[in-house]
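Colleague: I have the sequence and the model open side by side. Could you pick one helix and give me a close look at it, with its surroundings and then the wider picture?

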Amino acid sequence: MALRIATTKSELMKIKSETDEIDTKSSEDQTNIEDIVKQIYRGKLISDKVILHRSRIMRKLHTGFLRAALRSLPSGIQSLDASHPWLCYWIIHSLGLLGEYIPTDQAGHIAKFLSSCQVTSGGFAGGPGQISHLATTYSAVMALCSLGTEEAYIVIDRVALQKYLQRMHQKSGGFVMHEDGEEDIRGAYCAISVAQITHLDIPRLFEDTGYWVSRCQTYEGGFAARPGTEAHGGYGFCGYAALLLLGKQHKIDLKRLIHWAAMRQMKIEGGFQGRTNKLVDSCYAFWVGALFPLIVAQINKEIADNKSANSLFDRESLQEYLLYCSQYHTGGFTDRPGNSSDYYHTCYSLSGLSLAQHSGPDKCIIGHPDNELEVTHPLFNITQVAAESALIYFNKLQIPFLDS
């Protein structure tokens, strides 16, 4: 494992990534970010052996940053015109984790807008008048479930959605992201997660999908976008979560996955990288960090006990990186120090922070008790309360008939 904990200030300051004495652009960037993080942590060390845990989550600033976006989005994100449901999901889920909820009238407006993104033939598009896409279908469904009102739930056309998922399913077992689109592991996860939470026909929709996903595990132990390509943090979550939702987790080499995920935690920074020899990025606090509670909760027979499983990653160091290095001074979270905040990194930083706090047998809250966030569901990544409410609502409904 690659953990950041150092027993003395001098030891922390001396740690440096190994480069085999060959300097590259990647190694230079890594050294630069380590130097910045060292400066940040140097200010937090009050003795040779104790790290000061007094950083507080900037709730008011984060809430203001997020609520402002529900009223009017900044012009700088016009490139995300095909990602309207994602913006809704990132903002609503972030507010939910902060314990801030959407007023009823505003929730109704959001549900109505997401309804305008739904395509009559099934699924949700990135915006009104666009084509259905599995990624925006996931984000729209999870945004509606996060709103948690019946008005939001009934937006989802489950009959059309089930037919859409059936069309995206390939003979290989995998899923394409959209009509005539690319087949990759994100499609499998998005399809399975929305089918599971809205109570659709899982066995018939996902024939051979578990086998296809298992083939995406690489020699490193992580998961790639498709068989034969490079392991990546986001794909790691999508692959393992998909298998758990299907009950097919036994099809992979769990020990190799644990090793790969543990090695993504950076020695100095405490956050996770997404791939080997890449920089730390706060979003992987969720994409990689979520693997550990999933492994503990679902496959504990493969490991000694919950205590040993939770030592596979350093929950305190991850929180330190997110609180000290990723919070932006005007609100929101950034991927790493020196960059500006955005809604994507805010969502997954808060999600990862929640998991680090609540993933073990006991809570682990560094700093002020007010830093504690709401619990996020590690499979769907909406709050636990929202996930349970949605499952109760949809599981009462009959599974739509699926044509052969």
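Modeller: Happy to! Let's start where α5 passes α6, in a crossing that is left-handed. From the α5 side, A107, I110, A111 and L114 make the contact, and from the α6 side, A140, A143, L144 and L147 do. Sorted by type, the residues of this contact are 8 nonpolar, with no polar and no charged ones. Please keep in mind that this is a predicted model.

How do the two helices lie against each other? Their axes come within 10 Å and cross at roughly 160 degrees. Angles over 145 degrees count as roughly antiparallel, and α5 is therefore roughly antiparallel to α6.

Now for α5 itself. The helix covers residues 104-116, 13 residues in total. From its first C-alpha to its last it reaches 19 Å, close to the 18 Å expected at 1.5 Å a residue. Which of its residues are buried? They are Q106, A107, G108, I110, A111 and L114. A107, I110, A111 and L114 are thus buried, and these residues also make the contact with α6. The cover over the buried residues of α5 includes α6 (134-147), along with α3 (59-71), α4 (84-97) and α7 (150-153).

For another helix pair to set beside this one, look at α9 (residues 185-197) and α12 (residues 233-246). Their axes are 9 Å apart, and the helices pack at an angle of about 40 degrees. That angle makes α9 and α12 oblique to each other, and their crossing is left-handed. On the α9 side you will find I185, R186, Y189, I192, S193 and Q196. They meet Y235, F237, C238, G239, A241, A242, L245 and L246 of α12. The residues of this contact divide into 10 nonpolar, 3 polar and 1 charged, whereas the contact of α5 with α6 has no polar and no charged residues.

Finally, the wider picture. The protein has 19 helices and 0 strands. Of its 404 residues, 57% count as buried. Taking the contacts between residues at least 6 apart in sequence, 71% join residues at least 24 apart.

Technical notes:
Residues numbered from 1 in each chain as written. Predicted model: local features only at pLDDT ≥ 70, side-chain atom pairs only at ≥ 80, totals over all residues. Heavy atoms only, no water. Helix = DSSP H or I, 4+ residues; strand = E, 2+ residues; numbered from the N terminus. Expected span 1.5 Å × (residues − 1). Buried < 20%, exposed > 50% of the residue type's maximum accessible area, 1.4 Å probe, protein only. Contact = heavy atoms within 4.5 Å. Axes fitted to C-alpha atoms, helices over the stretch in contact; angles between N-to-C directions. Parallel < 35°, antiparallel > 145°, perpendicular 65-115°, else oblique. Left-handed = near helix turned anticlockwise from the far one by under 90°. Nonpolar A, V, L, I, M, F, W, Y, C, P; charged D, E, K, R; others polar.
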